[in-house]
Amino acid sequence: MHALIVFAHPEPASFNGTLKDAAIRRLEALGHTVEVSDLYGEGFDPVEGARHYENRLDQDQFATLAEQRHAGRQGTLAADVSREIARIERADLVIFQFPLWWHAQPAILKGWFDRVFVNGLLYSGSKRYDRGVFRGRQAVVSLTTGAPETSFAPGGRSGDIELLLWPIHYSLNYMGFAVLPPFLSFGVAGHGYRYDSDEEKTRRLDARRRSWEARLATIADETPLPFSGWNDWDETGLPLRADGADEALRFRSRKGAR
């Protein structure tokens with residue numbers, strides 16, 4: 001198996017960095033190969049715009065979808081986008097390693113989605129969901145939070161973690177990935193915020209690292225999260241069954257995630 005780790009944290013010595021390094025060591029020890037997209041370290045530009053397109057379709061007005069489609073067809077995508085697409089295409093498993101910031105992924109990772117998932121080339125009206133370009137590949141989110149696990153329960157103070165993860169999971173499903181249950185590391189607090197003693201935190205995070213390493217040994221055999229597919233919708237996009245809406249399934253994302 002070849003794995004790609006999309007790493008979105010500005011500090012290599014962070015716990016996110018620890019989990020990224022642990023994944024590399026464990027996967028390589030199992031005989032797999034690993035590649036890393038270090039978005040901060042490589043200076044990835046997350047802001048989509050006209051400056052990324054030298055051979056414009058329309059010099060007077062910038063339309064993202066049109067320019068992406070044109071550049072994909074002409075082979076004139078920006079070098080960093082072409083590099084990231086090639087990395088995904090080499091991968092059997094894509095790991096997204098990032099902290100939860102303002103109830104979502106860091107802006108640099110959201111911008112990676114905006115720029116790298118190129119319209120026309122990697123998705124179209126007919127190339128989405130279970131017909132997506134990346135079907136056959138697995139994707140998993142490894143997420144850290146500052147607040148403790150109890151606060152991310154439904155109705156909890158920090159928000160329902162299943163709902164917070166919905167947009168990124170659904171985007172990966174949109175691209176055709178088999179989306180695995182997330183790996184959640186709660187309570188990575190510091191810098192004035194603390195929920196247990198330093199000693200207990202160290203023990204807890206070390207146990208979390210070991211759990212991540214253990215999970216990676218069998219991750220290729222995991223069951224993906226459930227999503228509707230093309231055969232579940234009518235021509236207007238509505239579910240054909242009353243219980244078919246993905247929103248009603250609510251993932252059960254914690255199942256198998258600990």
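A residue is called buried here when its relative accessible area is under 20%. By that criterion, Glu35 and Arg87 are both buried. The structure is a predicted model, and it contains 19 salt bridges. This briefing describes several of those salt bridges and the packing of helix α3 against helix α4.

**The Glu35–Arg87 salt bridge**

- A salt bridge joins the side chains of Glu35 and Arg87, with an N to O distance of 3.5 Å.
- The two partners come from distant parts of the chain, 52 residues apart: Glu35 belongs to strand β2 (residues 33–38), and Arg87 belongs to helix α3 (residues 79–90).
- Neither side of this pair is exposed, as Glu35 and Arg87 are both buried.

**The Arg83–Glu84 salt bridge**

- Arg83 and Glu84 also form a salt bridge, in which the closest N and O atoms lie 2.9 Å apart.
- Glu84 has a relative accessible area of 0% and is therefore classed as buried.
- Arg83 has a relative accessibility of 29%, so this residue counts as partly exposed.

**The Arg209–Glu213 salt bridge**

- In the salt bridge between Glu213 and Arg209, the closest N and O atoms are 3.1 Å apart.
- Both residues lie in helix α6 (residues 198–216); because they are 4 residues apart there, about one helical turn separates them.
- Glu213 is buried, with a relative accessible area of 17%.
- Arg209 is likewise buried, with a relative accessible area of 19%, a value that falls under the 20% limit.

**A network of shared partners**

- Glu35, Glu42, Arg83, Glu84, Arg87 and Arg90 are joined into one network by salt bridges that share partners.

**Packing of α3 against α4**

- Two packed helices are described by the angle between their axes and by the distance between those axes.
- For α3 and helix α4 (residues 107–116), the angle is about 90° and the axes are 10 Å apart.
- The two helices are therefore roughly perpendicular to each other, since angles of 65 to 115 degrees fall in that class.
- On the α3 side, the contact involves Asp80, Val81, Glu84, Ile85 and Ile88; on the α4 side, it involves Trp112, Arg115 and Val116.
- By residue class, this contact consists of 5 nonpolar and 3 charged residues, with no polar ones.
- Glu84 thus appears in two settings, because this buried residue is a salt-bridge partner of Arg83 and also one of the α3 residues that meet α4.

Key. Residues numbered from 1 in each chain as written. Predicted model: local features only at pLDDT ≥ 70, side-chain atom pairs only at ≥ 80, totals over all residues. Heavy atoms only, no water. Salt bridge = Lys/Arg side-chain N within 4 Å of Asp/Glu carboxyl O. Buried < 20%, exposed > 50% of the residue type's maximum accessible area, 1.4 Å probe, protein only. Axes fitted to C-alpha atoms, helices over the stretch in contact; angles between N-to-C directions. Parallel < 35°, antiparallel > 145°, perpendicular 65-115°, else oblique. Contact = heavy atoms within 4.5 Å. Nonpolar A, V, L, I, M, F, W, Y, C, P; charged D, E, K, R; others polar.
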